[in-house]
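User: Please take a close look at the nonpolar interior of this protein. I would like one connected account that begins with the chain as a whole and then turns to the interior and to what lies outside it.

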Amino acid sequence: MLKRNRDGKNQMNIKESNHATEKQASNSTEVPSSSARLGALCCMIGATSWGFSGTCGEALFSSYPIDAAWVTALRMLGAGTILLLAAAAKGKLPVRALIQDKKAMAQMVLFSFLGLVLSQYAYLNAIKWTNSGTATVLQNLSIIFVAVFVCAAERTLPTKRTFFCICLAFFGVWLIATGGRLDGMELTAKGLFGAAAYFLLSKNPVKQWGSIPATGMGMFIGGVFLSGAVRIWEVPAGLDGHAAFYLGVLVILGSAVAYTLFLKGVSLTGPVRASVLACLEPLTAACLSAVWLNSVFTPAELIGFVCILATVLIMK
């Protein structure tokens with residue numbers, strides 16, 4: 001009888017010990033609620049800032065005869081400078097190491113031109129010829145290009161989920177581009193390729209140098225090149241205070257501030273929740289474009305938006 005009681009007590013102690021260990025392990029892996037809320041707030045502000053800056057870009061192009069390449073050069077040069085200064089203030093600006101490492105420099109140049117320059121220019125051009133809501137939604141399709149590239153590089157067939165997402169995404173693009181008609185496909189894949197290249201080519205630079213220094217250097221390099229190509233010192237005629245405000249939002253809020261806040265949010269709340277909150281960007285851009293700039297979306301376009309956003313959520 002005494003032995004039985006001892007065995008029972010031992011079993012109870014083991015269970016309590018296991019329960020305490022599991023609870024301690026779960027607590028150590030969970031993000032504190034206050035940090036998670038702060039991270040979610042940073043992601044929400046960052047995503048809505050991107051959406052608001054896209055709508056400001058639409059207002060700029062609809063009110064002033066300004067070239068998208070000139071705006072891209074200004075945006076990249078300004079945002080790159082701000083991010084580099086932020087990295088330098090934290091002591092995380094490895095300029096000398098980058099210059100001495102030829103392989104890293106080559107990767108940075110590829111990331112700058114094929115990733116950042118192409119995606120930024122194509123995105124602003126899409127805003128100019130359509131609207132900020134459509135351009136922002138289509139930009140999210142880059143995840144499909146990444147999935148296709150990975151399957152091709154690894155010589156594997158896409159999973160059923162990936163194949164379904166590809167079909168759903170292209171159906172959404174067809175609805176947005178044609179309004180549901182069988183003719184009139186007007187959109188280009190340059191911006192989608194550029195955004196996908198950004199994700200693929202950013203892997204090594206970001207891993208080696210960090211997100212803010214790598215993006216800052218990439219933007220600065222591309223901005224310097226574009227500035228010379230478009231003669232950024234020749235300011236377009238007719239720009240006033242409103243134009244300066246729109247440009248300021250594109251450069252400061254929509255690039256440097258939004259990017260920094262969103263990265264901070266990812267570190268606090270985790271990539272899964274952050275990727276879902278990132279969908280606030282196209283939602284903000286579309287709503288502001290409709291309410292502020294009176295953009296009209298057809299039922300076919302709205303269904304296309306839903307298809308693409310559903311694709312992004314499923315893939316992530």
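Analyst: Of the 316 residues in the chain, 44% are buried. The model is a predicted one, and its chain contains 15 helices and zero strands. Among contacts with a separation of 6 or more, 87% join residues 24 or more positions apart.

The interior can be described through its cores. The largest nonpolar core has 47 residues, and those that touch the most other members are L60, F61, V71, M108 and L124. At least two residues of this core come from each of helix 2 (33-63), helix 3 (68-89), helix 5 (102-129), helix 11 (211-230), helix 12 (241-269) and helix 13 (271-277). V71 shows how such residues meet: leaving aside residues up to four places away in sequence, V71 touches L60, F61, I66, L124, L247 and L250. Apart from this core there is a second one, separate and made of eight residues, including V137, I176, F297 and F305. As a general point, nonpolar side chains in soluble globular proteins tend to be buried together.

Some nonpolar residues nevertheless lie on the surface. L38, L41 and I45 form a nonpolar patch there, and together they have about 250 Å² of accessible area. L38 belongs to helix 2. L38 counts as partly exposed because its relative accessibility is 45%, a value between the limits of 20% and 50% that bound this class. F225, located in helix 11, is likewise assigned by its accessibility: at 48%, F225 counts as partly exposed. The C-alpha atoms of F225 and L77 are 9.2 Å apart in space, although 148 residues separate the two in sequence. For the chain as a whole, about 17200 Å² is exposed, and carbon and sulfur atoms supply 66% of that area.

The charged side chains provide a further feature. The structure holds one salt bridge, which R231 forms with E234; their closest N and O atoms are 3.5 Å apart. R231 is partly exposed, since its relative accessible area is 46%. E234 is also classed as partly exposed, because its relative accessibility is 43%.

In summary, the predicted model has a largest nonpolar core of 47 residues and a second, separate core of eight, while L38, L41 and I45 make up a nonpolar patch on the surface.

Methods. Residues are numbered from 1 along each chain as its sequence is written. This is a predicted model: local features need pLDDT of at least 70, side-chain atom pairs count only at pLDDT 80 or more; totals for chains, interfaces and linings use all residues. Side-chain values use heavy atoms; hydrogens and water are left out. A nonpolar core is a set of buried Ala, Val, Leu, Ile, Met, Phe, Trp, Tyr and Cys residues joined through side-chain atoms within 4.5 Å. Buried means under 20% relative accessible area, exposed over 50%, partly exposed in between (1.4 Å probe, protein chains only). Helices (H or I, at least four residues) and strands (E, at least two) are DSSP runs, numbered from the N terminus. Contact means heavy atoms within 4.5 Å. Patches are made of residues with over 30% relative accessible area and no salt bridge: like charges are joined within 9 Å, nonpolar side chains (Val, Leu, Ile, Met, Phe, Trp, Tyr) within 5 Å. Accessible areas come from the Shrake-Rupley method with a 1.4 Å probe; for residues, only the protein chains shown count as cover. A salt bridge is a side-chain nitrogen of Lys or Arg within 4 Å of a carboxyl oxygen of Asp or Glu.
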